[in-house]
Amino acid sequence: MVRFLAAVALLVGLAMVTYDTDAGNVLSMALYVTLCALTWRAAASAPAGRDRALWRLVALAPTLWCLGDGVEMLQRYLWSVPPVGIADVFWLCGYPVLAAALVGMARRRAPGRLRGAVLDALTMTASAALACWQFLIEPVLGLGYGVLQSVVPALYPVGDVTLLAAVLFVALSPGRRGAPTGLLIAAITLYLAVDLGYNLLPYVAGPDLVNRLGPLIMFGNALLAAAARHPGRAELTTPEPAERRLHPARVVLLGLALMAAPALTVARTGLNGAGFVALAVTALCVAFVLARFTFAVREQERAEERMRWQAHHDPLTGLANRAVLTDRLEALTDNGSPAAVLYLDLDGFKAVNDGHGHEAGDAVLRAVAARLLTLVRGDDLVARLGGDEFVVLAPGLDAAGASALAARVVDQVASPVPIGPATFAVGASVGVAVLSGTGGPDALRAADTAMYQAKRRGRGRWVVAGADAARDESAGADAGRVAPAPALLHASAGSP
């Protein structure tokens, strides 16, 4: 992709150098047609349905612009180029077509969740529209030309504003921000920059330099083609979770948009003392309002984060809860990935809870949770199901690895738990099941059953679900799946 863009950049530079020559015209049209063909080919390979239709709209926009350039080139060689003609029809039609594609992508990325992005985008676009009217449209309408020569040039800034609004919908909508999104936004930004250059550079540069900006449009087409051909292009049309954080750049852009109208008004009337004071006070008000807005949004974000955390975690130990465990089991089952399930139940915990109160019991549960977390790998999951029952889910672990992990769990949980002046000792009975070609709930039930077998054998043991687990304990040593039971003690220093 980088080499493709580098090659196009080289050809675009050559087209700018040879602009308005026969060789330059041939190069420009050949490059234009090639880039359009590549974009159409990429669009044809998109999944059938709405995704393909959106990418076809993306391909159609530069194709219309290419047709406009072709018409103008024919007029230049065969007749003369009129101030307003058929080429303008093709050029102007490209703007709403590309804008429609961008809006469709934003709606696909965030179905039913575009309200915030739309409001922010329209706020920024309204300011840009005011600037376009004041500096680009109104001066053209006041030159005294005919209707077509006045209206048609004014429609190009309108197309830019439309395109700006559409690309802001994509940029501000929830979704991933990978290379395809960046390439698409860069392409639209380049189109807008070139159009702005066409309108502003004549005030400071000659027409020859301004006209040489034209080939830059083709590099924007190359960026569009690169986005369409990128392996990750699905991020532009795939629904994504809502954004959880307000990006600071969004606040800055909103502030600039709110300041645009008073700044343009002062620029038009002249920056005298009263205008400067009014502009400064307005800037302070905007800053205070945006600061208050940001604080309110941050408070809401923190509240939502707490609610999300509570919905997925056990409030006592901070471990994952049953809902998270169920989701992980379903994901592993859907992917056909092997995993080990360890179902733990504490031995002797009731004596701690009944004899020393729930505070001591809670402290023991937190200590056991902390020990379990030290025994697992980074992608393993430790969950508390309630009471004194825990589950360890270890993706990619086979029966042998699960047995070794169960042995370590039994050993670590049996270590005394110091809590203040008292020391408590509990054990763990562990049932082990391997998730391989079976459903997650089935594996969890099998591990639960194996855990009760371990308790019946004397507690402080681990048992692997299956034929070996059903054997008598005297035969269990053959498979090495029953560990020695730890001493189930309850000691409390300085207490009865």
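Cysteine 93 has no bonding partner in this predicted model. The closest cysteine sulfur belongs to cysteine 66 and sits 15 Å away, which is too far for a bond. With a relative accessibility of 37%, cysteine 93 falls into the partly exposed class. Cysteine 132 is in no disulfide either: from its sulfur to the nearest one, in cysteine 93, is 19 Å. This residue, cysteine 132, is buried, at 14% relative accessible area. With a cut-off of 2.5 Å between sulfur atoms, the tally of disulfides is zero.

Confidence comes next. Mean pLDDT for the chain is 85, and 92% of the residues get to 70 or more. The stretch at residues 467-496 is another matter, since pLDDT stays under 50 there. For that stretch the model has 51 contacts beyond four places in sequence.

As for nonpolar packing, the largest core takes in 73 residues. Phe4, Trp55, Leu98, Leu102, Leu163 and Ile188 have the most contacts inside it. Helix α4, spanning residues 86-109, gives the most to this core, putting in 11 residues. A separate core of 34 residues lies apart from it, and includes Leu319, Phe349, Val364 and Val413. Back in the largest core, tryptophan 55 has quite a list of neighbours: leaving aside residues up to four places away in sequence, it touches Ala43, Ala46, Met105, Ala227, Ala228, Arg233, Leu236 and Thr237.

Two of those neighbours of tryptophan 55, Ala227 and Ala228, are among the buried residues of helix α9. This helix covers residues 216-229, and its 14 residues should span 20 Å at 1.5 Å a residue; the end C-alpha atoms are indeed 20 Å apart, so expectation and model agree. Because 11 of the 14 residues are buried, α9 is largely enclosed by the rest of the structure. Besides the two alanines, the buried set includes Ile217, Met218, Gly220, Asn221, Leu223 and Leu224. Their packing partners are α1 (2-17), α2 (22-44), α3 (50-78), α4 and α7 (179-200).

Serine 429 makes a good last stop. It is part of strand β6, residues 427-435, and counts as buried because its relative accessibility is 0%. Its side chain makes a polar contact of 3.0 Å with the side chain of aspartate 347. Not counting residues up to four places away in sequence, serine 429 also touches Tyr343, Leu344 and Asp345, along with Met451, Ala454, Lys455, Arg459, Gly460 and Arg461.

Note on methods: Residues numbered from 1 in each chain as written. Predicted model: local features only at pLDDT ≥ 70, side-chain atom pairs only at ≥ 80, totals over all residues. Heavy atoms only, no water. Core = buried A, V, L, I, M, F, W, Y, C linked by side-chain atoms within 4.5 Å. Buried < 20%, exposed > 50% of the residue type's maximum accessible area, 1.4 Å probe, protein only. Helix = DSSP H or I, 4+ residues; strand = E, 2+ residues; numbered from the N terminus. Contact = heavy atoms within 4.5 Å. pLDDT = per-residue confidence, 0-100. Expected span 1.5 Å × (residues − 1). Polar contact = N/O pair within 3.5 Å; in protein donor to acceptor, adjacent residues only side chain to side chain.
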